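Hi everyone, thanks for coming. I'd like to walk you through a structure I've been looking at, so please bring it up on your screens.

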Amino acid sequence: MNQATFNPNEITVPNGCFFGLPYSVEEASIVFLPVPWDVTTSYREGAANGPQGIIQASVQLDWYDFDVPQAWQTSCGTIPINSAIQDQNSAMRLIAKEIIQYLEAGGNVDDDAIAKQLAIVNQACAALNNWVYTQALELLEQGKLVAIVGGDHSVPFGLMKALTQQHEEYGILQIDAHADLRQAYEGFTYSHASIMYNALTLPQINRLVQVGIRDVCQEEMSWAHSDRRIVVFDDWQLKANAYEGITWAAQCQEIIANLPNKVYISFDIDGLNPSYCPNTGTPVPGGLEYNEAMYLVRSLVKAGKTIIGFDLCEVAPGDSGDEWDGNVGARILYKLACLTRYRNTL
């Protein structure tokens, strides 16, 4: 199927691209970069299968969008899933699991017994970050908007770094159950639980607005309260506000008011109620409803903010072949792409 013969009212023919869209990377304005990596997952693995799971589920999506009726014309291209990274992930995951088991048995991250293994995993994660950075920067220099499809939440760091080459400053809107502000969690420098700690080492990132947070440690909250760059809208307060009569629209406006003009969206699917992502690696009760999250993104775009990139992480297909997680992930990814591309039509 090619663009000339593409009919958005007919059955979608799987072509290896997200949503089965007929656009090549060269002609696309938005490029999806899948990163099948979940080496440092601290609980349930499976996010490395997220990109493929979303691709498979995405061909069942209908292209009409109630905000952007001609959404299928959004020219989204897909970088093929890299099999070498998948193989490296499998090898490094085995080593990481041994480290985690050692720590759970009472060991310490500074013990010589795991020093070699930690060095191997951290070196592999650094190489993965560099690969993402190189891929993303090349696409950005071609004028593309880049979207990372994870994988665990460690994988967008390379894109965040690449964006600093084009933007003097920008903010991050993080939708997540976790703050991800831990320094080298479990000894892994680039842990999925450390993505925002690492992001804030980039001086160009001048604001981090976290939404839906509800599972954190004391150290993370102490830092969040002491660092003027970090604004937390925890799930407990969001719900309390709603119970006391404050509308979600009003809360979204307050969230958006804390963001600069240029915004990167980092969407960890566990920011949603786990009924939407039952197989994600670290599910937490509570969270945003799907429509609440989409309303927030829509409000962000309608407020005139410029989305310079985004990621969707921690989607993990079920072992039984259940496509629900991929189904929800596909719709989030499509909505993010459509709203980003057609921000001036709302």
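Let's start with one residue: leaving aside its neighbours within four places in sequence, which residues is Lys335 in contact with? They are Asp65, Asp67 and Met294, where contact means heavy atoms within 4.5 Å.

Before I go on, a word on the source: this is a predicted model, in which local features need pLDDT of at least 70, side-chain atom pairs count only at pLDDT 80 or more, and totals for chains, interfaces and linings use all residues. Residues are numbered from 1 along each chain as its sequence is written, and side-chain values use heavy atoms, with hydrogens and water left out.

Okay, back to Lys335. You'll find it in helix α10, residues 324–341. When I say helix or strand, I mean DSSP runs numbered from the N terminus: H or I with at least four residues for helices, E with at least two for strands. Is Lys335 buried or exposed? Lys335 is buried, with a relative accessible area of 12%. For us, buried means under 20% relative accessible area, exposed means over 50%, and partly exposed is in between, using a 1.4 Å probe and protein chains only. Lys335 has company there, since 14 of the 18 residues of α10 are buried and the helix is mostly covered.

We can also check the length of α10. The expected span of a helix is 1.5 Å times one less than its number of residues. For the 18 residues of α10 that gives 26 Å, and the end C-alpha atoms are 26 Å apart, which agrees.

Now the sheet. What is the strand order? It goes β2-β1-β3-β8-β7-β4-β5-β6, an open sheet of eight strands with parallel pairing. At the edges stand β2 (76–78) and β6 (230–234), each with a single partner strand, so one side of each has no neighbour in the sheet. From one strand to the next, the twist averages 20 degrees. Two strands count as paired if DSSP finds at least two bridges between them. If you're new to this, strands of a sheet pair through backbone hydrogen bonds, either parallel or antiparallel.

Let's zoom in on β8, residues 306–313. Seven of its eight residues are buried, so β8 is largely enclosed by the rest of the structure. On one side, three bridges join β8 to the parallel strand β3, residues 145–150. One pair to look for is Val149 with its bridge partner Leu312 in β8. Val149 turns up again as the bridge partner of Pro34, and strand β1 (residues 30–35) pairs with β3 in the parallel sense over six bridges.

β8 also pairs with β7 (residues 262–268), in the parallel sense over seven bridges. There, Asp268 has Cys313 in β8 as its bridge partner. To get from β7 to β8, the chain goes through helix α9 (residues 290–302), and this β-α-β crossover is right-handed. Right-handed here means that, with the strands pointing away from the viewer, the path from the first strand over the helix to the second runs clockwise.

Next, helices on helices. How far apart are the axes of α2 and α3? The answer is 9 Å, and α2 (residues 83–104) packs with α3 at an angle of about 145 degrees. Axes are lines fitted to C-alpha atoms, for helices over the stretch in contact, and angles run from 0 to 180 degrees between N-to-C directions. Among the residues that meet there are Ile85, Met92 and Ile99 in α2, and Leu118, Val121 and Trp131 in α3. α3 itself (residues 115–141) lies across β1 and β3, running at about 170 degrees to β1.

Last, a few spots in the loops. A cis peptide bond joins Gly150 and Gly151, with omega about 15 degrees. Gly151 sits in the loop between β3 and α4 (157–163). Glu314 isn't a glycine, yet it has a positive phi of about 70 degrees. Glu314 lies in the loop between β8 and α10, and at 3% relative accessibility it counts as buried. Glu186 also has a positive phi, about 60 degrees, without being a glycine. Glu186 is in the loop between β4 and α5 (195–199), and it counts as buried at 14% relative accessibility.

That's my tour. Over to you for questions!
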